[in-house]
2 protein chains.
Amino acid sequence: MKQNRTVARMKDVAEEAGVSLGTVSKVINGKPVGEEYVRKVNEAIRKLNYHVNSYAQGLKASRTYTVAVLMPNTYHPFYAMLTYWLNASLTRRGYRMLLCCTDSDPRQEQEYVYMAQQNKVDGIIGLTYNDQLQVSEDTPFVSIDRPFNPQIPCVASDNFAGGQMAAEKLADLGCRKVLFLRTGSSLNNEPNKRKAGFENGCIARGLSYEMKILSDGEWLTEEDIEEQFRAFLASRIHDGKPDFDGIFCVTDSLAFIVRRMLEEMGLRVPEDVQLIGFDGTRWLAHMESSGYMCSTIVQPIESIAEMSVDLLLENSMSIKPPLVCLPVTFAEGGTTRQ
Amino acid sequence: MKQNRTVARMKDVAEEAGVSLGTVSKVINGKPVGEEYVRKVNEAIRKLNYHVNSYAQGLKASRTYTVAVLMPNTYHPFYAMLTYWLNASLTRRGYRMLLCCTDSDPRQEQEYVYMAQQNKVDGIIGLTYNDQLQVSEDTPFVSIDRPFNPQIPCVASDNFAGGQMAAEKLADLGCRKVLFLRTGSSLNNEPNKRKAGFENGCIARGLSYEMKILSDGEWLTEEDIEEQFRAFLASRIHDGKPDFDGIFCVTDSLAFIVRRMLEEMGLRVPEDVQLIGFDGTRWLAHMESSGYMCSTIVQPIESIAEMSVDLLLENSMSIKPPLVCLPVTFAEGGTTRQ
């Protein structure tokens with residue numbers, strides 16, 4: 001009996017309940033497991049007054065006041081802005097930021113995870129599409145956009161709501177038949193929910209819709225992607241008339257390219273086709289007066305950064321939220337009718 | 001006599017020559033000083049076999065393999081790209097990067113300089129417009145775009161050549177009367193040479209030119225800047241006809257804004273007015289196929305990063321070059337006639 005320990009650990013719970021550690025973990029994380037196990041584990045948790053806190057254990061007493069940030073690069077406008085706000089948030093709390101741009105050397109990511117496990121940095125905030133990356137549940141790690149496991153908090157925009165908002169906006173603006181165009185990682189990640197949200201919105205509003213989805217698993221070059229989307233759009237234009245009147249693109253970058261394609265095909269944006277992107281990219285990131293690159297679902301980048309730092313450094317919560325979705329907004333950017 | 005010391009220091013030279021440390025420094029750095037002093041100091045340097053290497057002294061044996069990078073922010077496209085390439089170059093050499101975005105807290109910069117002086121980082125690469133920043137000559141520091149003192153290497157594009165190239169290009173493309181528009185720091189910095197280079201090119205090619213220069217010493221908002229340039233341009237348009245046919249803008253961002261203004265005033269770019277910017281900014285930094293935002297003088301960002309890292313970590317040179325200017329190129333981006 002371990003009731004006299006100051007702080008009960010997960011293995012105390014397993015012992016008390018007479019089950020394996022894995023079973024305790026499954027129960028805590030709501031994964032499917034027999035009813036009898038759920039009862040036993042919950043009883044042990046109550047008895048031992050156990051608090052799930054494996055994550056906070058990573059933040060040891062001897063802090064380095066240094067946090068590693070893993071980011072694919074800093075030149076993509078979304079990553080660039082996110083890096084800036086993470087830096088601002090860490091600096092304000094007296095932390096320094098070790099930046100690792102992982103595009104230039106993907107092997108670096110695992111090394112930073114080891115550093116965190118060895119307390120050479122206090123933790124990691126990572127936006128990574130590396131499907132080889134091993135992050136154990138006791139590593140102080142906050143993931144942006146991609147869930148690892150329920151012990152690793154994941155922070156993202158509410159991508160589902162954003163997709164739905166795009167569909168509803170196009171419906172409000174008079175569209176009847178819309179397209180969804182997507183390219184990107186096929187890994188399990190939060191931005192993939194944009195598609196599901198868009199479908200949901202189309203169905204709710206009675207919009208007819210069609211999807212064209214290119215996966216990066218196919219190893220497409222920029223040129224391949226453009227060519228495939230161009231062919232898809234061309235196949236839907238008959239005698240200069242498109243059989244669609246609205247498009248939701250998975251990113252502003254894709255919307256930029258698609259707008260150019262439509263104009264090359266003799267279609268006017270937004271008169272003939274209305275276009276909504278995703279991200280909230282400005283023409284000039286450093287000048288608000290330059291406006292948005294297209295009508296867009298704006299990601300709350302500053303909040304994503306702030307929440308990620310909060311969750312990493314916060315030490316008093318007994319359970320870290322496994323997934324935090326932050327609200328997005330629509331902004332007009334010249335590719336929809338006002 | 002100090003000839004038996006393994007390594008002579010600057011103060012040994014001063015003692016041998018019978019002059020002050022300041023005088024030795026002036027002679028080494030080619031600053032004006034009496035001929036007799038130059039002779040004495042050079043004689044002492046030869047006698048002691050002295051190598052100017054104060055900079056390398058900062059790189060102590062106990063390396064941290066960590067370099068601090070000071071950057072105003074990561075969302076301006078030039079800083080975003082520069083941060084990426086610095087990161088790639090450091091990573092390739094087994095170094096980690098502590099990133100400090102100084103816009104969010106300017107007081108941080110001095111703290112990183114102290115860290116470098118205390119060997120908590122191996123050195124600093126900084127792009128800073130902080131005129132309060134104190135960097136002693138023995139601090140391992142490489143500056144980008146702004147010279148501090150001759151002991152601190154400064155790496156920049158060849159801004160003078162870029163300005164001259166812009167003037168020559170406009171002349172080649174048939175311009176007769178051109179404008180130079182500038183806004184930015186009034187601090188002594190390398191990008192300020194764009195103006196002098198442009199003037200030089202105009203004079204060499206017989207172009208008539210006029211300048212409109214707004215200094216940030218005047219604390220102008222984005223709106224103020226736009227208003228002043230708009231008024232300036234409007235004053236030079238009579239009955240819809242401009243008395244100019246070419247403009248060189250100090251940055252691509254300004255060229256973007258000026259192009260929009262010209263179009264609002266009913267002028268066509270490049271048919272009525274040709275426009276050249278500076279930096280080499282693409283519409284989408286992460287997609288080469290998106291092209292340049294305007295016709296532009298392209299900064300060699302990857303080379304600037306590589307050279308800065310080289311100069312910081314390089315330990316075998318007896319004298320570090322005080323200023324390295326790297327070649328720029330012209331790229332067509334739709335705002336000049338082809």
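In this predicted model, helix H6 (residues 159–172) of chain A lies across five strands of the same chain, namely E6, E10 (246–249), E11 (274–279), E12 (296–298) and E14, and runs at about 165° to E11(A).

**The six-stranded sheet of chain A**

The strands beneath this description belong to an open sheet of chain A, in which six strands follow the order E7-E6-E10-E11-E12-E14 with mixed pairing. At the edges stand strand E7 (208–215) and strand E14 (329–331) of chain A; each has a single partner strand, so one side of each is left without a neighbour in the sheet. On average, and with direction ignored, neighbouring strands of this sheet are turned by 20° against each other. One of the pairings joins strand E6 (residues 177–184) of chain A to E7(A), in the parallel sense and over eight bridges. Within this pairing, A:Phe180 has A:Met211 of E7(A) as its bridge partner.

**The twelve-stranded sheet of both chains**

A further open sheet contains twelve strands, drawn from chains A and B, and its pairing is mixed. The order is E13(A)-E5(A)-E4(A)-E3(A)-E1(A)-E2(A)-E2(B)-E1(B)-E3(B)-E4(B)-E5(B)-E13(B). Its edge strands are E13 (323–326) of chain A and E13 (323–326) of chain B, each of which pairs on one side only. Neighbouring strands in this sheet are turned by 25° against each other on average, direction ignored.

Three pairings in chain B may be set side by side.

| Strand pair | Sense | Bridges | Example of partners |
|---|---|---|---|
| E1(B), residues 66–71, and E3(B), residues 123–126 | parallel | four bridges | B:Leu70 and B:Gly126 |
| E3(B) and E4(B) | parallel | three bridges | B:Ile125 and B:Val142 |
| E4(B) and E5(B), residues 154–157 | parallel | two bridges | B:Ile144 and B:Val155 |

Strand E4 (residues 141–144) of chain B is covered on both faces. On one side B:Phe141 and B:Ser143 are buried, and on the other side B:Val142 and B:Ile144 are buried.

**A glycine in strand E3 of chain A**

In chain A, the residue A:Gly126 lies in strand E3 (residues 123–126). Its relative accessibility is 0%, and A:Gly126 therefore counts as buried. When residues up to four places away in sequence are not counted, A:Gly126 touches A:Leu70, A:Phe141, A:Val142, A:Ser143 and A:Ile144. A:Glu15, by comparison, is 111 residues from A:Gly126 in sequence, and the two C-alpha atoms are 34 Å apart in space.

**Two helices in contact in chain B**

Two packed helices are described by the angle between their axes and the distance between the axes. In chain B, the axes of helix H1 (residues 10–17) and helix H3 (residues 35–48) come within 8 Å and cross at roughly 120°. Because of this angle, H1(B) is oblique to H3(B). The crossing in which H1(B) passes H3(B) is right-handed. From H1(B), the contact is made by B:Asp12, B:Val13, B:Glu16 and B:Ala17. From H3(B), B:Lys40, B:Val41, B:Ala44, B:Ile45, B:Lys47 and B:Leu48 take part. Sorted by class, the contact of H1(B) with H3(B) comprises six nonpolar residues, four charged residues and no polar residues.

How values were computed. Residues numbered from 1 in each chain as written. Chains lettered and ligands numbered in written order. Predicted model: local features only at pLDDT ≥ 70, side-chain atom pairs only at ≥ 80, totals over all residues. Heavy atoms only, no water. Axes fitted to C-alpha atoms, helices over the stretch in contact; angles between N-to-C directions. Parallel < 35°, antiparallel > 145°, perpendicular 65-115°, else oblique. Left-handed = near helix turned anticlockwise from the far one by under 90°. Contact = heavy atoms within 4.5 Å. Nonpolar A, V, L, I, M, F, W, Y, C, P; charged D, E, K, R; others polar. Pairing = 2+ DSSP bridges. Buried < 20%, exposed > 50% of the residue type's maximum accessible area, 1.4 Å probe, protein only.
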